[in-house]
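Colleague: I have a new model on my screen. Can you walk me through its packing?

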Amino acid sequence: MATPGLSAAARSQLGRVLRAGDAVLTPNRTAQILSIARPQAAQQLARWARAGWVARVRRGVYVPVPVESASPDVPLEDPWSVAARLYEPCYIGGWSAAEHWGMTEQIFRVICVVTAARPRNRRPTLRGTAFELHTVPRDRLFGLKTVWRGQTRVQVSDPARTLADMLADPRLGGGVRHVSDILSAWLHEQANDAPRLIEYLDRIGNGAAYKRLGFMLETRHPEQLSLIDVCRSRLTSGYVKLDPKLPSGRLVTAWRLWIPASARDQSP
């Protein structure tokens with residue numbers, strides 16, 4: 001990569017920052033590594049960006065540029081690591097977690113992030129990578145597993161929590177049809193983890209999730225009698241949609257659930 005030269009001092013500083021192995025570079029972190037003031041660190045990052053050694057993601061946020069890159073205009077090398085730093089406290093969830101755990105073969109181009117932060121832009125695109133952000137209270141950051149992406153620690157919802165989130169909000173699964181397929185995959189591989197799923201649903205406290213789960217089990221997995229009984233025992237008052245994004249077709253009174261017309265052939 002052809003870049004303007006750096007002084008010996010600047011090269012030394014850049015080397016120290018890059019050797020720290022951070023996926024995301026910020027003025028605060030750079031100031032900490034180099035033991036300099038934050039404004040000085042911000043100016044140094046800006047100079048390195050102009051020289052092509054780092055790439056700006058957004059104001060005050062940069063990523064290293066691989067030395068073999070022919071241009072500083074590079075995509076994010078590891079979007080999960082970037083998300084973990086930009087939206088902390090957070091976890092990778094929904095369809096992205098389902099892909100990670102092998103619960104779906106469908107490929108999603110958008111990274112699903114669940115965060116306790118309240119970003120203004122819920123669908124940012126950073127250096128060509130699209131993210132979809134969902135906000136939850138801080139006390140809902142449970143049921144997570146740690147994975148390491150290089151030197152960065154990233155939280156990912158475990159399989160049961162991934163499914164629980166989708167049942168509470170089908171958008172996290174890309175719609176209820178896909179959630180139903182993920183439920184089938186989870187039952188095939190993780191059915192003995194049903195107590196954990198129930199624990200998570202109880203902690204989330206979303207009655208609609210039990211209505212959706214009970215309906216899906218009764219229509220596609222009627223052999224899951226004990227799990228269906230648990231859903232019935234937690235049936236709350238009021239009527240909800242199987243998929244909030246789809247128009248209602250008819251009411252399944254047994255589960256107090258409005259189902260879309262396209263799901264009529266699946267109703268009991």
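Some questions and answers on rings, burial and helix packing follow.

Colleague: Before we start, what kind of model is this?
Modeller: Keep one point in mind throughout. The model is predicted.

Colleague: How many aromatic pairs are there?
Modeller: Two rings pair if their centres lie within 6.5 Å. By this rule, the count of aromatic pairs is three.

Colleague: W95 and F108 form one aromatic pair; is it stacked or edge-to-face?
Modeller: Look at the planes of W95 and F108: they are 20° apart, and the centres are 5.3 Å from each other. Planes under 30 degrees apart count as stacked. So the pair of W95 and F108 is stacked.

Colleague: How many residues apart in sequence are the parts that this pair ties together?
Modeller: W95 lies in helix α5, residues 94-100. F108 lies in the loop between α5 and β4. The pair therefore ties together parts whose separation in sequence is 13 residues.

Colleague: Is W95 buried or exposed?
Modeller: The relative accessible area of W95 is 5%. Buried means under 20%. So W95 is buried.

Colleague: Which residue has its charged end over the ring of F142?
Modeller: Charges sit over rings in this model. R149 lies over the face of W80, 4.3 Å from the ring centre. Over the ring of F142, at 3.8 Å from its centre, sits the charged end of R203.

Colleague: How many of the eight residues of helix α4 are buried?
Modeller: Helix α4 covers residues 79-86. Its buried residues include P79, W80, V82 and L86. Helix α4 is largely enclosed by the rest of the structure, because its buried residues number seven of the eight.

Colleague: W186 is in helix α7; what is its relative accessibility?
Modeller: Helix α7 spans residues 176-190 and holds W186. Leaving out residues up to four places away in sequence, W186 touches several others, among them M103, P159, L163 and L197. W186 counts as buried, with a relative accessibility of 1%.

Colleague: How far apart are the C-alpha atoms of W186 and A98?
Modeller: Along the chain, W186 and A98 are 88 residues apart. In space, their C-alpha atoms are separated by 9.6 Å.

Colleague: At what angle do the axes of α9 and α10 cross?
Modeller: Two packed helices are described by the angle between their axes and the distance between the axes. The axes of α9 (residues 207-220) and α10 (residues 225-233) come within 9 Å. They cross at roughly 145°.

Colleague: How many nonpolar residues does the contact of α9 with α10 have?
Modeller: Residues of α9 such as L213 and L217 take part, and α10 brings L227 and I228 among others. By class, the contact of α9 with α10 has one polar residue, two charged and, for nonpolar, seven.

Notes
Residues are numbered from 1 along each chain as its sequence is written. This is a predicted model: local features need pLDDT of at least 70, side-chain atom pairs count only at pLDDT 80 or more; totals for chains, interfaces and linings use all residues. Side-chain values use heavy atoms; hydrogens and water are left out. Rings of Phe, Tyr and Trp (its six-membered ring) pair if their centres lie within 6.5 Å; planes under 30 degrees apart count as stacked, over 60 as edge-to-face and the rest as tilted. Helices (H or I, at least four residues) and strands (E, at least two) are DSSP runs, numbered from the N terminus. Buried means under 20% relative accessible area, exposed over 50%, partly exposed in between (1.4 Å probe, protein chains only). A charge sits over a ring if NZ of Lys or CZ of Arg is within 6 Å of the ring centre and within 35 degrees of the ring normal. Axes are lines fitted to C-alpha atoms, for helices over the stretch in contact, and angles run from 0 to 180 degrees between N-to-C directions. Contact means heavy atoms within 4.5 Å. Ala, Val, Leu, Ile, Met, Phe, Trp, Tyr, Cys and Pro count as nonpolar, Asp, Glu, Lys and Arg as charged, and the others, Gly among them, as polar.
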